[in-house]
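User: I am in my first year and would like a close look at a single part of this structure. Could you take me slowly through the open sheet and then, for context, what lies beyond it?

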Amino acid sequence: MTDQPIPPDMTTAPVLLDVRGVTVEFVSKGQPPARAVECVSFRLRKGEMLGLVGESGCGKTTLMLALLRLLPEAGRIVCGQIDFLGRDLLALSEQQMAEVRWTGISIVFQGAMNALNPVRTVGDQIAEALVRHGTLAPALHSGASAGVARNKKAAAPRVGELLELVGIGANRSGQYPHQYSGGMRQRAMIAMALACNPQVVIADEPTTALDVMIQAQILELLDTLRHRLGLSVILVTHDLGVVAEVCDTVLVMYGGVVAEYAAVDTIFNDPQHPYTQRLLHAFPDLSKPEEALVSIPGYPPRLDALPPGCRFAPRCPVAFERCHVEPPALHRLDGFHWASCHLVSNQ
Amino acid sequence: MTAQTDITSLSGLWRGFRGNRMGVIGLVMLLLAIGMAVFAPALAPYDPKAPVKVTIDNIYAPPSREHLLGTDDAAKDVLSQFIYGSRVSLTVGFFAAFISVAIGGWIGVTAGFWGGKVETGLMRFTDVMLVIPDLPLAVVIVALTQPSLWNIIFVIGILGWTGTARLVRSQTLSVKERKFVLRARAIGAGNGYIVRRHILPLVLPLLVVNTVLVISLAILNESTLSFLGLSDPTTLSWGQMLNYAFTRGAMSAGAWWVLAPPGFGIVWVVLGCTLLGQGLERVLNPRLETHHLAVGRQMVVSRVKGSEVRGSEGQPTDTLTL
């Protein structure tokens, strides 16, 4: 069906993160719970870059926050399992979870502007993570021994090293966020995420509000760092071009459910879900200059008034009767390709 | 607007503050008052507590060379009383304001940060305190306890925190929703750490401004209580001077020199505090000054001396219009 479905190491590399059937609900008084994420499963292997795409409000960020158990008070994980290195994160105590965050899985938050405290220096805020977790992770490739960061002073060399790693001079660690440019702030956020040598980095729309040049630089940086440090990265974005460029696998979400999950080549060359197909049509393709862009009519479903059948059915041009009454299951098409559509199951 | 004021360092704060004339005037006024209180023994020509021989000529004596501000009903030098009186007024002002701001700040941050039932409880309590009239309650408490200096400080302190609490709570509510709080939580920071390192630094400017303004309120309150006769009779404050002048016939004797100085002192300090507070507010919250997109005087390119800006017809133009 596909020419090169999965990069070779994507089948052999050890699985770091195994997410199975995670469902997140938001509860508010006097209203039925809103299902922001329903039964999402995916697997992240060592060194893999997974692209998580979908429209605004389809549950991407919610899913990522659920992985770290950082959902706002109203949000709760109703069911599912999140295995990280064989441990179920949902079964851990808050204390143990705090250990996993940053040392195991760290996150680059959406909007670097707001994720930095404006009245404290950038270096100080990077050191925060080091001091909090009490370890000075071994210097990368320099063979320095691991130390213990008891205070911010002891963490200073490592902070400088982290800043250098993302292309900011170590001498700028004493500056405040307002003295940084937008791109630098984003770099600083990445440096912060790498502070405790995590195995998985979640980058939640790391390039929003940046211009195309800086966007390219940041993505290149993420990609370089991934190869250098052997990181696994989940890249949350709504830019398919970005995904095509740097990701190995793609998870397309729609209205809180997985629409399609496959290797990047499969998604772009042989999309099976109508939503993925329309989404690709809505993006310019430089190799086919004559093609007009087609937008998908309608709006994503409201989470408190989900359609009874397939969530995409009201907007789907190929929907038939069954689509409106019965939600489709996630079907496995072949080796590494899943799609939730009744049309796929009929094939 | 000029370059963004770096309010994160003291020198930056001073640079921003220096440009605010009213604020500087307020600071100078307050420093003068504090200086007077600190160096009272050196400045005062007489010891206000020293016994004086009273004769018919020296009660309510008008200002003269020996007594620059005249004497009161007990033939004591008014200027010396005025200078010494600043000590009590300022002491009460500062300590009571400190208590107020400490209580208000604590309640505000706790309510704002923890939310839920804690917040409901604390804020309803604040509302109750807010609607109880301060002065009658203060009078009752002081009357029931000993009217000593520390009791007055305490009473003013525990009655004046409500505004601070509401202010700090609202600021905390807005700060705690910021991304960097979530980021700190993700890093593994606990509630105490987040409050200390992420919330407080952003609430602090508000608290500083508020403290200065609360000082003036506390001084006014102290004067009011003293004027009503609810102060320690052994201490000497401006409010008490007014009380004595009022109850011992200075008015009918036409002895304006007894009434005017303490009144002037109170106005001086309160005005100084208010100007300083507003000046600090301008620096710490530049948004009060101008909208960042406003085309103010400062945004117009000023002409460099000696160079000429040519108009469309090659004529030198005087102004560069936007």
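Analyst: What follows looks at the sheet of chain A, and then turns to the contact between the chains and to one helix of chain B.

Please keep in mind that this is a predicted model. In chain A, eight strands form an open sheet with mixed pairing, and their order across the sheet is E6-E7-E8-E3-E9-E10-E12-E11. Because strand E6 (105-108) and strand E11 (331-334) of chain A stand at the edges with a single partner strand each, one side of each is left without a neighbour in the sheet. On average, neighbouring strands of this sheet are turned by 20 degrees against each other, if direction is ignored. Within the sheet, strand E10 (residues 257-263) of chain A runs antiparallel to strand E12 (residues 337-339) of chain A, and three bridges join the two; Ala262(A) stands opposite His337(A), which belongs to E12(A).

Chain A also touches chain B, in a contact that takes 20 residues from chain A and 16 residues from chain B. On the side of chain A, helix H3 (94-103), helix H4 (112-115) and helix H5 (122-133) each supply at least two residues, and H5(A) gives the most, with four residues. Sorted by class, that side of chain A has 11 nonpolar, five polar and four charged residues.

In chain B, helix H11 (residues 238-247) is mostly covered, since eight of its 10 residues are buried, among them Trp238(B), Met241(B) and Tyr244(B). The cover over the buried residues of H11(B) includes helix H4 (78-114), helix H10 (191-227), helix H12 (250-253) and helix H13 (256-284) of chain B. Just after H11(B), Gly249(B) takes a positive phi of about 80 degrees.

How values were computed
Residues are numbered from 1 along each chain as its sequence is written. Chains are lettered from A and ligands numbered from 1 in the order in which they are written. This is a predicted model: local features need pLDDT of at least 70, side-chain atom pairs count only at pLDDT 80 or more; totals for chains, interfaces and linings use all residues. Two strands pair if DSSP finds at least two bridges between them. Axes are lines fitted to C-alpha atoms, for helices over the stretch in contact, and angles run from 0 to 180 degrees between N-to-C directions. A residue is buried if 20 or more other C-beta atoms lie within 10 Å of its own, exposed if 12 or fewer, and partly exposed in between; C-beta atoms are placed from the backbone. Two residues are in contact if their C-beta atoms, placed from the backbone, lie within 7 Å. Ala, Val, Leu, Ile, Met, Phe, Trp, Tyr, Cys and Pro count as nonpolar, Asp, Glu, Lys and Arg as charged, and the others, Gly among them, as polar.
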